[in-house]
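Visitor: I would like a close look at one part, the largest pocket, and then at the parts around it. How much space lies in the largest pocket?

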Amino acid sequence: MARKCDETLREDGAADDGPARPRTEWEHPIRSLDDFPASLNCGAVAIGNFDGVHRGHARLIERLRQKADEVGGPATVFTFDPHPVVLLRPDAAPPPLTWAERKADLLADLGVDGVVVQPTDLALLRLTAREFFQCVVLRCLHAKAVVEGPNFRFGRDRAGDIRVLGELCAEAGVALEIVEPLTAGDGLISSSRIRERIRHGDVDAAREMLTQPYRTRGMVVHGARRGGALGIPTANLEAVDTLIPGLGVYAGRAYTGAEAWPAAVNIGPNPTFGEHGLKFEIHLIGFAGSLYGQPLEVDFLSRLRDIQPFHSSEDLKHQLQADIRAVCEITNSTSNGKGSN
């Protein structure tokens, strides 16, 4: 990163805008500032984690898009992978709500032209606020405008705040706009608040704060095949790299490649058969075939009920059939498609 910064620095230390360049294709998301395309220079930039891409983020991106148009350049988001706290305080690192590609897709849906997912390392985290601003904002992104929320912090030990950012922008002649956060109910919309609701299984409340339904992903593995014996086969998901919702039965939508299927999702043990280990099971309604060893993505649309034991497998089957009917009603009332809400 430092090498490229040095190459684009003018003698006076400011970013060299240079002639306008036609827009070209680039990797989505952009995996490093070393790969940052010149066609994304000289626009408006927002920096942050953007985990989940919620409605508060959407408000900021709306203003970012407007600011980019005002300065006649692209709208770019600079984010990190992993979250800096993973390196600094791994025991305190929250489980993510989105993975890099999902985050980039959601931001692109909101009108962002380019998303940089910079690998987080100690060299980046050691930069002071001024060094970070000069290297990332000026030398690498060539930003003409910066759009942030009021709680934005940056630089080593998070020493840079909005006041510091304002001073640095004023020195460099970069426009700065602060976008106030959104509220929902009795509090601000935030990734941590959404994470709390999902952890408690309240995906309905989380969905109200997100721009798209909450989505997880994992790999399908072999299970006990009890669902198949009941005539309701399930895909067992493991290696899930985002926050798993709390115990319960949910209405969802599963994605196998480009195809979408209504899905009944069970997270928890199977007390009817005396099994107490946590399972993540998905019944894809209408799907026929094998998914073993394949990736699967699942949207959570609504919570249906608690996990509960049944007197017999027949009673369980009747409840699962009722769950499936409820799932169909919910999914029929929502848009279908991998990027739809």
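Guide: Let us begin at the pocket and then follow the chain outwards from there.

A quick word on what you see: this is a predicted model, in which local features need pLDDT of at least 70 and side-chain atom pairs count only at pLDDT 80 or more, while totals for chains, interfaces and linings use all residues. Residues are numbered from 1 along each chain as its sequence is written, and side-chain values use heavy atoms, with hydrogens and water left out.

The largest pocket holds about 1300 Å³ of space. A pocket is an open set of points on a 1 Å grid over the protein atoms alone, with protein on both sides within 12 Å along at least five of seven lines; a cavity is a set where a 1.4 Å probe fits but cannot get out, and lining residues have an atom within 4 Å of a point. The points are joined across faces, edges and corners, and the volume is the space filled by probe spheres set on them.

The pocket is lined by 41 residues, and those closest to its centre are G48, N49, N151, R153 and R158. Sorted by class, this lining has 19 nonpolar, 12 polar and 10 charged residues (Ala, Val, Leu, Ile, Met, Phe, Trp, Tyr, Cys and Pro are nonpolar; Asp, Glu, Lys and Arg are charged; the others, Gly among them, are polar). Four elements each give two or more residues to it: α2 (55-71), α3 (84-88), α5 (122-125) and α8 (191-199). The whole chain has 11 helices and 13 strands, which are DSSP runs numbered from the N terminus (helices: H or I, at least four residues; strands: E, at least two).

Look more closely at R158, one of the residues closest to the pocket centre. R158 sits in the loop between β4 (145-148) and α7. Its phi is near 55°, a positive value in a residue other than glycine. R158 counts as exposed because its relative accessibility is 51% (buried is under 20% relative accessible area, exposed over 50%, partly exposed in between, with a 1.4 Å probe and protein chains only).

Now walk to the loop between β1 and α2, where you will find F50. F50 also has a positive phi, about 55°, although it is not a glycine. At 5% relative accessibility, though, F50 counts as buried.

The elements at hand also lead you to two cis peptide bonds. The loop between β2 and α3 contains P82, and the bond from D81 to P82 is cis, with omega near 0°. In the loop between α1 (2-7) and β1 you meet P29; the bond from H28 to P29 is cis too, with omega near -5°.

What lies in the nonpolar interior? The largest nonpolar core has 30 residues, and L33, I47, F78, F132, F133, F154 and L165 have the most contacts inside it (a core is a set of buried Ala, Val, Leu, Ile, Met, Phe, Trp, Tyr and Cys residues joined through side-chain atoms within 4.5 Å). β1 (44-47), β2 (75-81), α6 (129-140) and α7 (162-172) each give two or more residues to this core, and α6 gives the most, with 8 residues. Within the core, try I47: leaving out residues up to four places away in sequence, I47 touches F78, F80, F132, V137, V147, E148 and F152 (contact means heavy atoms within 4.5 Å).

Next, step over to α4 (100-109), which with β8 (214-221) gives two or more residues to the lining of the largest cavity. That cavity has a volume of about 60 Å³, and the residues that line it include G52, L97, T98, R102 and Y214. By class, the cavity lining has 5 nonpolar, 3 polar and 2 charged residues. The buried residues of α4 are A100, R102, K103, A104, L106 and L107. They pack against α2, β2, β3 (114-119), β8 and β13 (295-305), so this walk brings you back to α2, one of the elements that line the pocket. After α4 comes G111, whose phi is positive, near 110°.

Finally, zoom out to the whole chain. Buried residues make up 48% of its 341 residues. Of the contacts with a separation of 6 or more, 74% are between residues 24 or more positions apart.
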